Protein chains: 2
Amino acid sequence: MDAKSNETSEVSALVHGIGRRARAAARVLALAAGDKKKAALLAAARAIREDTTKILAANAEDLAAARKNNATAAFLDRLALDEKRINAMAEGIETVATLPDPVGEVTAAWDRPNGLKIERVRTPLGVIAVVYESRPNVTADAGALAFKAGNAVILRGGSDSFHSSQAIHAAMTRGIAGAGLPEDSIQLVPTRDRAAVGLLLSGLDGLVDVVVPRGGKSLVGRVQAEAKVPVFAHLEGICHVYVNAPADLEMAKKIVLNAKMRRTGVCGAAETLLVDKKLAGSHLKPLVEMLIDAGCEVRGDEATCKADSRVVAASEQDWSTEYLDAIISVGVVDGIDDAVEHIARYGSHHTDSIVTDDREAAESFLNRVDSAIVLHNASTQFADGGEFGFGGEIGIATGRLHARGPVGAEQLTSFKYRIRGSGQTRPG
Amino acid sequence: MDAKSNETSEVSALVHGIGRRARAAARVLALAAGDKKKAALLAAARAIREDTTKILAANAEDLAAARKNNATAAFLDRLALDEKRINAMAEGIETVATLPDPVGEVTAAWDRPNGLKIERVRTPLGVIAVVYESRPNVTADAGALAFKAGNAVILRGGSDSFHSSQAIHAAMTRGIAGAGLPEDSIQLVPTRDRAAVGLLLSGLDGLVDVVVPRGGKSLVGRVQAEAKVPVFAHLEGICHVYVNAPADLEMAKKIVLNAKMRRTGVCGAAETLLVDKKLAGSHLKPLVEMLIDAGCEVRGDEATCKADSRVVAASEQDWSTEYLDAIISVGVVDGIDDAVEHIARYGSHHTDSIVTDDREAAESFLNRVDSAIVLHNASTQFADGGEFGFGGEIGIATGRLHARGPVGAEQLTSFKYRIRGSGQTRPG
């Protein structure tokens with residue numbers, strides 16, 4: 001065996017070992033009482049606060065290395081921790097700790113004519129692998145949420161946050177073990193070797209039930225293309241706001257501005273504004289002017305270009321582009337059919353909103369647009385587990401299987417059927 | 001291009017075309033009213049009855065070919081149709097037609113402090129591929145159930161039922177099209193070329209959302225190993241009955257006999273009987289004698305061999321064998337921990353039952369056994385969508401993602417979030 005394949009087989013043994021320990025921890029965790037999981041998460045939060053100095057020292061090491069590699073200011077900002085950010089991490093864990101325990105919840109119950117009593121009850125999913133970029137806080141967020149739902153989690157963070165993630169992880173597992181639950185409930189892959197990611201995506205021969213990628217489009221795209229197990233994710237958020245007649249101009253302006261400009265880098269940010277033909281004379285110009293005056297570049301169709309000389313002509317490519325920046329594509333559509341068709345063709349099944357005073361048109365839009373989240377008279381930036389009241393999210397999914405929209409603790413569960421009888425046998 | 005690759009590319013074009021038409025049909029079907037889908041299914045059932053002569057003629061062709069190929073009597077029986085079986089197929093479709101429409105059902109609704117009204121509503125899954133063996137009735141069953149939940153379905157039946165399936169399919173689509181819904185809602189792959197199966201399992205570049213295999217272990221195994229999209233299935237049903245002390249002997253006998261012998265070839269049939277050590281003196285012998293007297297071969301551990309001279313010694317392999325025949329493995333376990341551990345080690349997460357008068361032990365078993373269906377004082381043969389009151393099933397799933405247990409119309413749906421506001425924007 002040469003050095004390279006020797007190394008590969010070492011990583012494989014390491015990651016499979018992590019998978020086996022995760023499965024064993026998942027079996028224990030699945031039966032842990034809600035109070036015990038809550039206490040363990042509160043202890044993990046406490047341990048993170050206690051370890052503030054250690055975590056900051058580890059983070060300083062990561063930052064120094066990143067600076068040496070000429071990381072961008074934005075990258076360094078995402079990577080950097082301070083006391084406030086560490087405290088926010090601990091608070092995030094505490095919020096998750098106090099959520100109701102989804103495991104054991106009876107979601108349906110009915111009796112059969114033969115007297116059998118059937119219940120559908122939530123159970124954990126099992127083992128969740130989370131693959132993320134160099135944002136140390138994901139270690140705490142994702143670990144806590146998966147744990148809350150009784151799952152074991154395998155974390156594989158970005159190489160640049162290696163020491164920070166290790167320090168956060170060490171604190172969390174100390175808290176969890178101290179509360180009497182398995183240390184292996186939350187494991188962090190202790191190598192920067194990229195082969196570890198491929199192994200997790202393979203599902204480790206049934207040891208991993210689902211993969212959650214957290215990061216940019218290239219990471220998510222790789223995970224979706226390579227994973228042999230289900231993935232909860234969205235590749236991109238090409239979110240639309242459609243202003244349909246009649247619509248209050250002030251409300252439309254407020255929603256469009258918020259949907260596009262509140263934060264331009266989040267997946268729920270609007271990337272396209274569609275204005276109904278009937279409003280082209282009244283609403284198009286004020287909406288476009290507002291956006292440009294707010295510092296947003298507008299790329300428009302012919303009608304939009306005519307509305308303001310500062311509008312740039314949109315290319316075909318623009319309609320399917322997730323800018324994640326202060327840029328928006330704006331077009332005029334001819335009625336709701338045209339709007340729905342545009343979204344079906346160019347959208348990403350993430351989040352789309354209609355602004356209108358026409359209730360019937362709104363209901364039609366909500367039914368017909370095939371996206372995880374559809375809104376009437378509200379900003380697309382509400383696409384967030386916290387805003388849904390989930391107390392956190394591990395990400396937003398645009399697939400149709402199992403989880404869709406913000407993935408909170410509830411979506412990280414499975415279910416089983418419990419049937420209670422009194423000697424029933426099946427005839428025939 | 002040589003003849004072979006030419007052929008391959010023809011099949012690929014054919015199956016991709018089917019996929020594209022399925023996706024287009026799914027978009028129409030997703031918005032079809034419940035009454036219209038119901039009327040379409042009732043028309044499909046009527047068309048099957050009208051075509052009885054044609055279907056029988058097509059079936060005669062399939063049977064003649066199968067006899068020529070020296071098919072077994074069991075195989076021919078599964079393949080054969082008569083007026084009664086055709087009528088039963090039509091009745092099955094009518095039962096599904098009259099089920100409540102799962103699409104549009106609001107499964108959760110809540111208000112946020114900012115006034116947003118959030119609803120989670122059921123939507124169709126999309127496009128479902130069903131790959132099955134030579135049982136013509138699956139064409140009708142699976143087609144109707146997927147359609148009921150607003151999904152387009154691509155059927156790929158066994159080669160030996162080719163003509164029968166085509167005749168059934170032609171009748172169904174005539175009924176559906178006559179009721180004004182897309183003919184492409186239910187498509188049957190019109191080739192025996194096995195490459196078509198591989199193409200469906202690839203997901204056709206996002207055109208197929210989920211695959212459901214219907215058939216024996218080799219078919220399911222191939223689908224699970226090859227599919228690049230989620231699969232709803234069970235590979236095998238290694239179902240256990242555990243008799244725990246104290247237990248009424250008569251009830252235990254009744255349940256064990258039914259669980260094993262009612263039908264030995266179904267996935268919910270018991271394959272292993274576990275008797276608690278405390279009952280080894282009182283219950284083991286009568287249970288074993290009953291089984292042997294009923295014509296069941298018993299393969300036992302040491303204690304069981306001592307109970308009756310007709311017991312064969314079980315090998316290690318027996319504990320993880322799905323016999324699907326009048327054979328059972330029987331062992332003595334030391335308490336509930338031991339029973340749960342045995343099932344975790346050798347079971348298949350399908351269906352397991354405890355027989356006991358000890359309510360606490362029963363609850364512990366129901367919580368701790370990680371199977372899709374767990375029962376107390378009832379036969380494992382209740383593992384069936386009809387027995388659950390689902391009005392039908394497309395199969396039983398043992399995975400933890402999305403669908404688990406009997407997969408009825410409800411499990412063939414996804415969901416989305418509808419949010420109604422009055423101008424809300426997200427702060428911060």
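The following exercises, each with a worked solution, concern the two chains of a predicted model.

Local features need pLDDT of at least 70, side-chain atom pairs count only at pLDDT 80 or more, and totals for chains, interfaces and linings use all residues. Residues are numbered from 1 along each chain as its sequence is written, while chains are lettered from A and ligands numbered from 1 in the order in which they are written.

**Exercise 1. Symmetry**

Determine which rotation superposes chain A on chain B.

*Step 1.* Copies are superposed by least squares on the C-alpha atoms of residues with pLDDT of at least 70 in both. Chain A is brought onto chain B by a rotation of 180° with 0.0 Å of shift along the axis, and the RMSD is 0.0 Å.

*Step 2.* The two copies are therefore related as by a two-fold rotation axis.

*Step 3.* In chain A, His402(A) has the C-alpha nearest the axis, at 2.1 Å from it.

**Exercise 2. The contact between the chains**

State how many residues each chain gives to the contact, and identify the element of chain A that gives the most.

*Step 1.* Two residues are in contact if their C-beta atoms, placed from the backbone, lie within 7 Å. Chain A gives 50 residues and chain B gives 50 residues.

*Step 2.* Elements are DSSP runs numbered from the N terminus: helices (H or I, at least four residues) and strands (E, at least two). On the side of chain A that touches chain B, two or more residues come from each of α10, α14, β13, α15 and β16 of chain A. Of these, β16(A) gives the most, with eleven residues.

*Step 3.* Ala, Val, Leu, Ile, Met, Phe, Trp, Tyr, Cys and Pro count as nonpolar, Asp, Glu, Lys and Arg as charged, and the others, Gly among them, as polar. The side of chain A that touches chain B then has 21 nonpolar, 17 polar and twelve charged residues.

**Exercise 3. A sheet built from both chains**

Give the order of the ten strands in the open sheet with mixed pairing, and name its edge strands.

*Step 1.* Two strands pair if DSSP finds at least two bridges between them. The order is β1(A)-β2(A)-β16(A)-β13(B)-β12(B)-β7(B)-β8(B)-β11(B)-β9(B)-β10(B).

*Step 2.* The edges are β1 of chain A and β10 of chain B, each of which pairs on one side only.

*Step 3.* Within chain B, β8 and β11 run parallel and share five bridges; Thr272(B) stands opposite Ser329(B) in β11(B).

*Step 4.* Axes are lines fitted to C-alpha atoms, for helices over the stretch in contact, and angles run from 0 to 180 degrees between N-to-C directions. Helix α14 of chain B lies across β16 of chain A and β7, β12 and β13 of chain B, at about 160° to β13(B).

**Exercise 4. The four-stranded sheet of chain A**

Explain why one side of β5 and of β6 in chain A is left without a neighbour in the sheet.

*Step 1.* The open sheet has the order β5-β4-β3-β6 in chain A, with parallel pairing.

*Step 2.* Both β5 and β6 of chain A stand at the edges with a single partner strand each, so one side of each has no neighbour in the sheet.

*Step 3.* Three bridges join β4(A) to β5(A), where Ile154(A) stands opposite Gln187(A).

*Step 4.* Helix α6 of chain A lies across β3, β4, β5 and β6 of chain A, at about 160° to β4(A). Helix α7 of chain A lies across β4 and β5 of chain A, at about 155° to β5(A).
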